[in-house]
Amino acid sequence: MKLSLTRRYDFAASHRLHAPQLSDAENRRIYGKCNNPYGHGHNYALEVTVTGPVDPATGMITNLGDLDPFVERAVLEGFDQKNLNEEVAEFKTLVPTTENVCREIFRRLQNFPAAKLERVRIEETSKNSFEVGAEEFA
Amino acid sequence: MIRITRKVEFSASHFYNNPNFSPEENRRIFGKCNNPHGHGHNYTLEVTIAGEPDPATGMVLDLKELKDILQREVMDRMDHRHLNYEVPELAGKIPTCENIAAVIWQLLEPKITRGELDRVRLYESPNLFADCTAGSTNGAGKRA
């Protein structure tokens, strides 16, 4: 039996999918509406899953009093109400698809000291979700 | 292999307090959850069974049977109860999402007659859930 704990957060951000090494016509063909030069936005839902032993003294894998401020500082402060292309340094050179956003958020959270980060899952809309697991970063 | 999932909802009250901690430590560690008068949640429980469908019925496990098991093992024990005082399986444990999910796993596992218990997912709220899955224990995790 293995236990994990998942906490769900929300952030709202804008982005534009555009790869500078491709021509404008190719960008329009590949990214479609997401290539609109003015960008567009989403209400992203972020699920952070941690695993580890349950501390018998607290009954917890991690205290949300530790996890929430860590995620706030590492991710939400920099992502919420921002333009991902313009305001998150990593996406100045990397297309902010939600696949890439998943990996960047995992990278930012993987040193959480109180439990092991197991999965980052993002719902870009209620119809699209993306996830990355610890095995990719092993 | 097919996975089937049944969902039930129950409402219960609880609070977090470790008698080995001082009142100040309890308040610092558990925050609002330490309120001795307790507070409540609408819990959502998703139970997943994995297995091959029976060729005669096309079913992994009859969902009616799973529904009855969940009623007996979980709803009758926990719905509209105070988890600190009225659920013997949680006695001496802090009734966190993690501990409740583990207790539910232990209650259900021996009752599943076809297929295998694959996952117990317990939502305390839409923004917090614990997963209990088959497999190795949590020893590999690190804790500061």
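# Reading helices, strands and a chain contact

Q: In which sense do α2(B) and α4(B) cross, left-handed or right-handed?

A: The crossing of α2(B) and α4(B) is right-handed. Before going further, please keep in mind that the model in front of you is predicted. The two helices are residues 63-78 and residues 97-108 of chain B, and they pack at an angle of about 130°, with 10 Å between their axes. That angle makes α2(B) oblique to α4(B), because angles over 115 and up to 145 degrees fall outside the ranges for perpendicular and antiparallel.

Q: Which residues of α2(B) and α4(B) meet?

A: From α2(B) come B:Ile69, B:Glu73 and B:Val74, while α4(B) brings B:Ile104, B:Leu107 and B:Leu108. Sorted by class, this contact has 5 nonpolar residues, 1 charged residue and no polar ones.

Q: How many helices and strands does each chain have, and in what order do they run?

A: Chain A has 4 helices and 5 strands, and from its N terminus these elements follow the order β-α-β-α-β-α-α-β-β. Chain B comes to 4 helices and 5 strands, and its pattern, read along the sequence, is β-α-β-α-β-α-α-β-β. Along the principal axes, the C-alpha trace of chain A spans about 60 × 25 × 25 Å, and the C-alpha atoms of chain B fill a box of roughly 60 × 35 × 25 Å.

Q: What share of each chain counts as buried?

A: In chain A, 31% of the 138 residues count as buried, and in chain B, which has 144 residues, buried residues make up 30%. You can also ask how contacts relate to sequence, taking those with a separation of 6 or more: residues 24 or more positions apart account for 66% of them in chain A and for 65% of them in chain B.

Q: Which strands of chain A pair with β2(A), and in what sense?

A: Start with β1(A), residues 2-15, which pairs with β2(A), residues 40-51, in the antiparallel sense over 12 bridges. To locate one of these bridges, look for A:Ala13, whose partner in β2(A) is A:His42. Then turn to β4(A), residues 116-123, which is joined to β2(A) by 7 bridges and runs antiparallel to β2(A). Here A:Thr51 has A:Lys116 as its bridge partner, and A:Val50 stands opposite A:Leu117. In a regular strand, the side chains alternate between the two faces of the sheet.

Q: What do β4(A) and β5(A) form, and how many residues lie between them?

A: They form a hairpin with 5 residues between the two strands. The strand β5(A), residues 129-133, runs antiparallel to β4(A), and 5 bridges join them. A pair you can look for is A:Val120, which stands opposite A:Val132 in β5(A).

Q: How many residues does each chain give to the contact between chains A and B?

A: A general idea comes first: the size of an interface is often given as the accessible area lost when the parts come together. Here we count residues instead, and the contact takes 31 residues from chain B and 24 residues from chain A. On the side of chain B that touches chain A, α4 and β5 (128-133) of chain B each supply at least two residues. The residues on that side divide into 13 nonpolar, 13 polar and 5 charged.

Q: In what sense do β1(A) and β5(B) pair, and over how many bridges?

A: The pairing of β1(A) with β5(B) is antiparallel and extends over 6 bridges. One place to see this is A:Arg7, whose bridge partner in β5(B) is B:Leu128.

Q: Where is B:Ala56, and is B:Ala56 buried or exposed?

A: B:Ala56 lies in the loop between β2 (39-51) and α2 of chain B. B:Ala56 counts as exposed because 6 C-beta neighbours lie inside 10 Å, and 12 or fewer is the cut-off for that class. Between B:Ala56 and B:Ser11 there are 37 Å in space, C-alpha to C-alpha, and the two are 45 residues apart in sequence.

Q: Where is B:Arg81, and what is B:Arg81 in contact with?

A: B:Arg81 belongs to β3 (residues 81-82) of chain B. Leaving aside neighbours within four places in sequence, B:Arg81 is in contact with B:Ala12, B:Glu86 and B:Val87. B:Arg81 is partly exposed because 18 other C-beta atoms lie within 10 Å. B:Arg81 and B:Leu128 are 47 residues apart in sequence and 20 Å apart in space, C-alpha to C-alpha.

Technical notes. Residues numbered from 1 in each chain as written. Chains lettered and ligands numbered in written order. Predicted model: local features only at pLDDT ≥ 70, side-chain atom pairs only at ≥ 80, totals over all residues. Axes fitted to C-alpha atoms, helices over the stretch in contact; angles between N-to-C directions. Parallel < 35°, antiparallel > 145°, perpendicular 65-115°, else oblique. Left-handed = near helix turned anticlockwise from the far one by under 90°. Contact = placed C-beta atoms within 7 Å. Nonpolar A, V, L, I, M, F, W, Y, C, P; charged D, E, K, R; others polar. Buried ≥ 20, exposed ≤ 12 C-beta atoms within 10 Å, placed from the backbone. Pairing = 2+ DSSP bridges.
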